[in-house]
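Work through the exercises below with the sequence and the structure in view. Try each task before you read its solution.

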Amino acid sequence: MTTNDMHAVVAALREHERFVVAAHENPDGDALGSLLAMHLALGQLGKESAMFVPGQAPLPVEYTFLALEGLHREPPPDHAERVLVAVDCANEERLGPDPTLLQDSPLTLDIDHHHDNTRFGDVNLIVAGASSTGEILAEVFRELGVEITPEIAEPLYVALVTDTGRFQYANTSPKALRLAADLIEAGADGHKVFQTVYENVQFAKLKLLARALERAEVYSGGRLVVSHLLKNDFAEVGAAEPYSEGIIDYLRAVEGAMVAALIREPPRGDGPAHRVSLRASVDEIDVSVIARKSNGGGHRQAAGFSSELSLDELKRFIVEEFEHAAAASSHA
């Protein structure tokens, strides 16, 4: 039996002493910010905590200023003796290909804001209306009596600012803006975060963006924009896979576009043939529904999936599913 309750999460965090805090593979700002904030909060409470992110791909360089020293990329050897705290993970598959982390866990806490979360934890705190997992953690910390020090405020601010698209996405609620003010008041350096995350672009990422823009195509009368990156693109411009983060936002910004899709061949050969990111600029189309049809998931306006289909097959799938979703929304 699983429990869905803030009080159950708080009680478990108080009761136990040793934890492994895990974020999803290919982590974004919300995942890494939430991971670090939870790790530091547990330390403040006198608990022993280890941080884990699955996969060997380098972390996005824009988040390397976060104090992630000691981060594990494989499950810690003693993970079976630690309570698992999964943050920003919509489903168990996002914890990586090694199932032992979840299987061996004596207790799993699942804290997330994805509306399609599979509730894989023993205790699940899923707040679909929250702007970010960082926003949920801020409430958890208040319940625990954790002091929001500058060291905790800054990763929470990273989580908040990135998952709201610099407070421009539809999930930017009055509550999120109030939290941002509280975190800056607590010592988060908003200007430094903005410069480091958004104005510190590597030249190789710029070259990768150029290739994606050059290949961009419009479908369905301009309502859908699709582009792709090949494995060779990463090698030829000297870019790691995380450098593709954020490119899709340029596609979504095209005039008249309702949905944008970026298909990429991962530069490492040990994963799926393709990874697909989906973004919607209108609320009428839920791109997580499209992603779930290929065993992916995400948010209503931001989702993704992995696939073994060819590039042409993926384009056809995306176009067909977009047209179905657009037709359904027009009749709603």
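A crossing of two helices is called left-handed if the near helix is turned anticlockwise from the far one by less than a right angle, and right-handed if it is turned clockwise. Please keep in mind throughout that this is a predicted model.

**Exercise 1. Two helices side by side**

Task: Describe how helix 2 and helix 4 pack, which hand their crossing has, and which residues meet.

Solution: Begin by finding the two elements, since helix 2 covers residues 29–44 and helix 4 covers residues 133–144. Next, look at the geometry: the helices pack at an angle of about 15 degrees, and their axes are 9 Å apart. Because angles under 35 degrees count as roughly parallel, helix 2 is roughly parallel to helix 4. Turning then to the hand, the crossing of helix 2 and helix 4 is left-handed. Finally, list the residues that meet: helix 2 contributes Asp30, Ser34, Ala37, Met38 and Ala41, while helix 4 contributes Thr133, Gly134, Leu137 and Phe141.

**Exercise 2. Another helix pair**

Task: Decide whether helix 5 and helix 6 are roughly parallel or roughly antiparallel, and name the residues that meet.

Solution: The angle between helix 5 and helix 6 is about 150 degrees, with the axes 9 Å apart. Since angles over 145 degrees count as roughly antiparallel, helix 5 is roughly antiparallel to helix 6. The crossing of helix 5 and helix 6 is left-handed. On the side of helix 5 the residues are Ala153, Leu156, Tyr157 and Leu160, and they meet Ala176, Leu179, Ala180, Leu183 and Ile184 in helix 6.

**Exercise 3. Aromatic pairs**

Task: State how many aromatic pairs a search of the whole structure finds, and describe the pair of Tyr157 and Phe167 and the pair of Phe305 and Phe317.

Solution: A pair of aromatic rings is described by the distance of the centres and the angle of the planes. The search of the whole structure finds 3 aromatic pairs. One of them joins Tyr157 and Phe167, whose ring centres are 6.2 Å apart and whose planes make an angle of 55 degrees, and this pair is tilted. Tyr157 lies in helix 5 (residues 150–163), whereas Phe167 lies in the loop between helix 5 and helix 6 (174–185), so the pair ties together parts that are 10 residues apart in sequence. Tyr157 is buried, at 8% relative accessibility, while Phe167 is partly exposed, at 24%.

Another pair is formed by Phe305 and Phe317, with 5.8 Å from centre to centre and 80 degrees between the planes, and this one is edge-to-face. Since Phe305 belongs to strand 11 (residues 302–307) and Phe317 to helix 12 (residues 311–331), this pair ties together parts that are 12 residues apart in sequence. Phe305 is buried, with a relative accessible area of 4%, and Phe317 is buried as well, with a value of 15%.

**Exercise 4. Positive phi values**

Task: Find where Arg166 and Asp88 lie, and say what is notable about the phi of each.

Solution: Most residues other than glycine have a negative phi. Arg166, which is not a glycine, has a positive phi of about 60 degrees. Arg166 is found in the loop between helix 5 and helix 6, where it is partly exposed, at 38% relative accessibility. The charged end of Arg166 also sits over the ring of Tyr198, 4.1 Å from the ring centre.

Asp88, again a residue other than glycine, has a positive phi near 65 degrees. Asp88 lies in the loop between strand 3 (83–87) and helix 3 (100–103), and at 1% relative accessibility Asp88 is buried.

**Exercise 5. Buried residues and their contacts**

Task: For Met51, Asp233 and Lys205, give the element and name the contacts, leaving aside neighbours within four places in sequence.

Solution: Met51 is in strand 2 (residues 48–52) and is buried, with a relative accessible area of 2%. Its contacts include Val21, Leu35, Leu36, His39 and Ala67. Asp233 lies in helix 9 (residues 231–237) and is buried at 2% relative accessibility, and its contacts are Leu208, Arg211 and Arg215. Lys205 is placed in helix 8 (residues 203–215) and is buried, with a relative accessible area of 15%, and Lys205 touches Glu62, Tyr243 and Glu245.

Key:
Residues numbered from 1 in each chain as written. Predicted model: local features only at pLDDT ≥ 70, side-chain atom pairs only at ≥ 80, totals over all residues. Heavy atoms only, no water. Phe/Tyr/Trp six-rings, centres within 6.5 Å; stacked < 30°, edge-to-face > 60°. Buried < 20%, exposed > 50% of the residue type's maximum accessible area, 1.4 Å probe, protein only. Lys NZ or Arg CZ within 6 Å of the ring centre and 35° of its normal. Axes fitted to C-alpha atoms, helices over the stretch in contact; angles between N-to-C directions. Parallel < 35°, antiparallel > 145°, perpendicular 65-115°, else oblique. Contact = heavy atoms within 4.5 Å.
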